[in-house]
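Me: Hi! I am new to reading protein structures, and I would love to go through one with you. Could you show it to me and then take my questions?

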Amino acid sequence: MAANGLAGSAFDRSELHRKQAVCDGPAVPGGAVARPANHGPRPDGRGLSPRGWPVGVGIWLVGARGSVATTAVAGAAALRAGLVPPVGCVTETPDFAGAGLAPWSALVFGGHDVVETPLPKRAEALAQAGVIPARLVEAVRDELAAADAEIRPGTESRGGQATEAARLAADVTAFRERHGLDRVVVVNVASTESPREPRAEHDDLAALRNAMRTGTPLPPSSLYAYAAITAGCGYVDFTPSPGIRLPALERFARERGVPYAGSDAKTGETLVKTALAPMFAARALDVRAWSGTNLLGGGDGATLADPAARASKTASKDRALREILGRPVEGETHIDHVPAMGEWKTAWDHVRFEGFLGVGMTLQFTWQGCDSALAAPLVLDLARLVARSHETGGAGPLPELGFFFKDPVGSGEHRLVLQYETLRRWAAGLGEAR
Ligand SMILES: NC(=O)c1ccc[n+]([C@@H]2O[C@H](COP(=O)([O-])OP(=O)(O)OC[C@H]3O[C@@H](n4cnc5c(N)ncnc54)[C@H](O)[C@@H]3O)[C@@H](O)[C@H]2O)c1
């Protein structure tokens with residue numbers, strides 16, 4: 001298979017088209033997909049995607065012009081057209097077939113960002129970096145342009161936050177209405193923020209609202225979360241930024257009846273750690289030290305070159321190991337920005353452990369990943385799951401989605417296999433709910 005998983009792929013197109021026909025209707029030549037008989041246009045004529053598909057779920061990306069967001073938009077369009085297999089999409093595996101999740105055809109994209117690079121241009125840059133196959137960018141150019149037209153100016157949250165929150169919420173509400181969407185999930189994939197000092201207003205919604213009238217009590221990620229809740233949207237924090245995880249906002253989400261998930265997706269080193277650490281614990285092997293070095297380029301790498309932003313990330317990365325092993329171990333996690341690596345990342349971990357009679361041993365692993373290709377399908381998975389939870393009455397934190405995160409909201413469970421089992425059972429329940 002080619003490195004990008006498209007050209008020369010061993011993927012059996014007929015199999016995908018068979019699945020697509022079940023889910024979305026039959027494929028037709030030219031990459032377009034015919035509208036299925038059971039999904040006619042709505043009686044009011046609203047809710048048709050640019051290709052004439054009935055639509056239902058909006059994915060509003062904060063940081064919509066970033067690498068992860070652009071890969072998610074391009075990838076969803078490619079999946080919809082049957083151009084790529086759903087490799088890396090957890091929700092396309094048989095365990096989720098009965099969960100009642102929105103089909104690819106039902107997804108519509110919009111978002112906020114503080115830069116203006118058009119999405120097709122951003123996708124071209126990612127093609128040059130080897131993240132998105134160049135011919136795929138051409139094939140989904142219309143969808144990228146359609147999503148680009150739905151991106152609104154973001155906020156750096158410098159003044160008058162009440163007014164700013166109202167503007168952000170109005171952008172999302174207008175998007176939902178323009179497309180006749182049943183629901184919208186806001187996913188934060190913006191640059192990681194540095195940790196903030198807690199403030200008294202973060203604990204109390206009324207005090208927070210007061211402070212927002214005149215000042216700037218919230219970091220931008222939390223202002224977006226506030227706006228998402230105001231607009232009645234489910235929310236996902238893909239980053240370690242504070243986002244919705246302030247007591248006042250968590251209460252607001254419960255009151256408003258919106259579900260949320262987070263924080264900080266695990267896509268590389270931490271994913272492997274949470275698979276391996278339970279093995280040491282279950283075999284009663286004594287982990288003495290676990291050291292990790294991460295080298296990354298890309299926009300995320302540039303952001304994490306700032307020691308304050310890096311502190312958010314390493315805190316999030318270190319939590320899982322401590323909780324799985326039940327105690328802190330020696331060793332640190334380092335993150336270095338290496339611009340020459342572009343969109344790629346290398347993690348090298350060195351684990352020193354002792355066995356019977358105190359015999360010292362070592363495990364080392366090297367993970368070389370393309371972060372955006374690992375992250376983008378999870379953005380789609382999470383949006384589909386949160387939308388379905390919302391549809392079935394879910395509100396407040398979704399600890400069942402801990403499988404996807406380094407710092408799972410509402411759960412101290414980090415063991416990957418157990419997290420997956422929880423997710424699988426929960427998804428089965430979603431299928432049974434009306
Ligand atoms: N790629 C992964 O595997 C992975 C895993 C876990 C978490 N994350 C997190 O996902 C986020 C996105 O990663 P990326 O590689 O796409 O980064 P990126 O730098 O390519 O994109 C970030 C985007 O956020 C935008 N942005 C910055 N401040 C903003 C604001 N105030 N409002 C709106 N938009 C703003 C930037 O303009 C940029 O377009 C990062 O926080 C990263 O830590 C990524």
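Reply: Happy to help; this is a predicted model, and your questions about it follow.

Me: In what order do the seven strands of the open sheet stand?
Reply: In general, strands of a sheet pair through backbone hydrogen bonds, either parallel or antiparallel. In this open sheet, the pairing is parallel. Reading across the seven strands, the order is S3-S2-S1-S4-S5-S6-S11.

Me: Which strands stand at the edges, each with a single partner strand?
Reply: Look at the two ends of the order S3-S2-S1-S4-S5-S6-S11. A strand there has a single partner, so one side of it is left without a neighbour in the sheet. The edge strands are S3 (151–153) and S11 (396–397).

Me: What is the bridge partner of Trp60 in S4?
Reply: Start with the strands: S1 and S4 run parallel, and six bridges join them. Strand S1 covers 57–62 and strand S4 covers 183–188. Within S4, the partner of Trp60 is Val186.

Me: How many of the 11 residues of helix H8 are buried?
Reply: Helix H8 spans residues 220–230, and its buried residues include Pro220, Leu223, Tyr226 and Ile229. They pack against strands S1, S2, S4 and S5, and also against helices H6 and H9. H8 is largely enclosed by the rest of the structure, because the number of its 11 residues that are buried is 10.

Me: Which residue with a positive phi follows H8?
Reply: Go just past the end of the helix, which spans residues 220–230. The phi there is near 75 degrees. The residue is Gly232.

Me: Is Asp264 buried or exposed?
Reply: Asp264 sits in the loop between S6 and H10, and its phi is positive, about 65 degrees, although it is not a glycine. A residue needs 20 or more C-beta neighbours within 10 Å to count as buried. Asp264 has 24 inside 10 Å, so it counts as buried.

Me: And is Ala284 buried or exposed?
Reply: Ala284 is not a glycine either, yet its phi is positive, about 55 degrees. Its place is the loop between H10 and strand S7 (286–296). The cut-off for exposed is 12 or fewer neighbours. Ala284 has 8 C-beta neighbours inside 10 Å, so it counts as exposed.

Me: What is omega for the cis peptide bond from Gly262 to Ser263?
Reply: Ser263 lies in the loop between strand S6 (259–261) and helix H10 (269–282). The peptide bond that leads to Ser263 from Gly262 is cis. Its omega is near -10 degrees.

Note on methods
Residues numbered from 1 in each chain as written. Predicted model: local features only at pLDDT ≥ 70, side-chain atom pairs only at ≥ 80, totals over all residues. Helix = DSSP H or I, 4+ residues; strand = E, 2+ residues; numbered from the N terminus. Contact = placed C-beta atoms within 7 Å. Pairing = 2+ DSSP bridges.
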